[in-house]
Amino acid sequence: MIYNEFQGMNLSRLGFGCMRFAMDPATGEIDQAKVDAMFDLAIAGGVNYFDTAYPYLDGKSELAMAKALSRYPRDSYYIADKFPGHSLPGPVDNIALFNISLKKCGVEYFDFYLLHNITEWSVKIYESPEYHIIPDVLKMKEEGKIRHLGFSFHGGPELLEELLTRYEGMFEFVQIQCNYLDWTLQDAKKKYDIITSHGLGVWVMEPCRGGKLAVLNEDAHARLQALDPEKSDASYAFRFLQDLPGVKMILSGMNEVFQVEDNLRTFEAHQPLSEKERETLFDIAESLKKGVPCTGCRYCCAGCPMELNIPYLLECYNDYKFAASVSPSMRLDGLDDDKKPANCIGCGQCAHACPQGIDVPAALAELAELYANGPNWSVQARSRHEAIKKDLKM
Ligand code: SF4
Ligand code: SF4
């Protein structure tokens, strides 16, 4: 196993993400015996970092992780958990909620704790004096119940830079979605540069983009097999990240034994990508992208009568086009109502200004439709509100 020194700890570079545990098809519940066996295998292979969050698997991830780890001494592993600010039904007793997580995880403290899922929308909750989240989390840190504080982030680079400047010295690491596709699709390169320029550790989630880079389409898979028939598609995604020195933690949501075995092989030693392998991955990334080739040059913005942030909207559009997910809807929720995609009047000024020849009005019309009728955070949030109210007996 490759290890990274971080704040005096030796962290395994591969962390066990606990968002997608193996399920028992007969009961529909988490298959605890399988989780235990996979943890045993991972720990024997040197993994010492386990990442969960309050809402994962409807609150059951924390419990299953705790059960599996309870068979090991507390000082032999690191646990990361997250505060669900983005899922709150309104201002709540944050400390009571934090203590519920501690209890479910069966621990006295979290080695790592993150503000979960900061975006342009959820940042308003995290920073709201009424919600009082940041002062309460800092209090838990002062009391030693949090050893290292960070946040997970799904917003754009501008917000990331603003936050790290505003809270200089408060956070030690930032967890972002980063892989060879999102390096450009979700501006992960810019985010990586911002985090490292502030001297913080980069934690990576979705290294295989929800499995899409672990099981590539036939053409892309054949290209990687031609380079080395012994290596899995997933191994290339991990090796891309191994080459980034600022990446201290790579979380993989493993739910099959063969994935643990394959990942342990990949993390036995740092295996730098060759130039040819790197080029092939970036070619594959381009071939996987859907949507429009916006470069973010902003030539279109000055002439927009509605003063829309067109590149920002097109980032959300591209994200929706790649895969159905609630992430772009959260970013769109963060915009003022008069800056949302439905405000485009279709005048076409932007399309004339665009050196990429993008039909912006058509893309924004489709985006407005996707935002109204596609995967939407506000729908998912309602069930989370109810779960938190139940836990807090509200
Ligand atoms: S078509 Fe829409 S986005 Fe483009 S300039 Fe006109 S209002 Fe703005
Ligand atoms: S001009 Fe074209 S490429 Fe540039 S930001 Fe606007 S839409 Fe994107």
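These are my notes on two ligand shells, a few strands, one helix and one loop residue in a predicted model.

**Ligand 1**

I started with the residues around ligand 1 and got 16 of them. Those that come nearest are C304, C344, C347, Q349 and C350. I then looked up which elements give two or more residues to this shell, and found α15 (349–353) and α16 (360–373). The largest share, three residues, comes from α16. Sorted by class, the shell around ligand 1 has 12 nonpolar and four polar residues, with no charged residues.

**Ligand 2**

I did the same lookup here. 15 residues surround ligand 2, and the closest are C294, C297, Y299, C300 and C354. Helix α13 (residues 310–322) gives the largest share of this shell, three residues. By class I noted 11 nonpolar, three polar and one charged.

**Strand β9 and its partners**

Next I checked the cover on β9 (residues 201–205): five of its five residues are buried. Which residues point which way? G201, W203 and M205 go one way from β9, V202 and V204 the other, and all are buried. The general rule I had in mind is that side chains in a regular strand alternate between the two faces of the sheet.

For the pairing, I looked at both partners. Strand β8 (residues 173–177) runs parallel to β9 and is joined to it by five bridges. In that pair, F173 stands opposite G201. Strand β10 (residues 247–252) also runs parallel to β9, with three bridges between them. There I picked out V204, whose bridge partner in β10 is I250.

**Strand β5**

I went on to β5 (residues 78–83), which is mostly covered, with six of its six residues buried. Y78, A80 and K82 point one way from β5, while I79, D81 and F83 point the other way. I made a note that K82 and D81 are among the buried residues here. Strand β4 (residues 49–51) pairs with β5 in parallel through three bridges. One of the partnerships I wrote down is F50 with I79 in β5.

**Helix α1**

Then I took α1 (residues 32–44). This helix has 13 residues and reaches 18 Å from its first C-alpha to its last, close to the 18 Å expected at 1.5 Å a residue. Its buried residues are V35, M38, F39 and A42. Why do I put them on the same side of α1? Because they cover an arc of only 105 degrees around the axis. As a reminder to myself, an α-helix has 3.6 residues a turn, so residues three or four places apart point the same way.

I looked for what the buried residues pack against and listed β3 (14–17), α2 (60–69) and α11 (257–266). On the face of α1 turned away from the buried side I found the exposed residues A33 and A44. Just after α1, G46 takes a positive phi of about 105 degrees.

**R74**

My last lookup was R74, in the loop between α2 and β5. Is R74 buried, exposed or partly exposed? R74 has 13 other C-beta atoms within 10 Å, so I log R74 as partly exposed; the exposed class stops at 12 or fewer and the buried class starts at 20. I also checked R74 against Y371, 297 residues apart along the chain, and their C-alpha atoms are separated by 44 Å.

Definitions and conventions
Residues are numbered from 1 along each chain as its sequence is written. Chains are lettered from A and ligands numbered from 1 in the order in which they are written. This is a predicted model: local features need pLDDT of at least 70, side-chain atom pairs count only at pLDDT 80 or more; totals for chains, interfaces and linings use all residues. A residue is near a molecule or strand if its C-beta atom, placed from the backbone, lies within 6 Å of it. Helices (H or I, at least four residues) and strands (E, at least two) are DSSP runs, numbered from the N terminus. Ala, Val, Leu, Ile, Met, Phe, Trp, Tyr, Cys and Pro count as nonpolar, Asp, Glu, Lys and Arg as charged, and the others, Gly among them, as polar. Two strands pair if DSSP finds at least two bridges between them. The expected span of a helix is 1.5 Å times one less than its number of residues. The arc is that of the directions from the helix axis to the C-beta atoms. Two residues are in contact if their C-beta atoms, placed from the backbone, lie within 7 Å.
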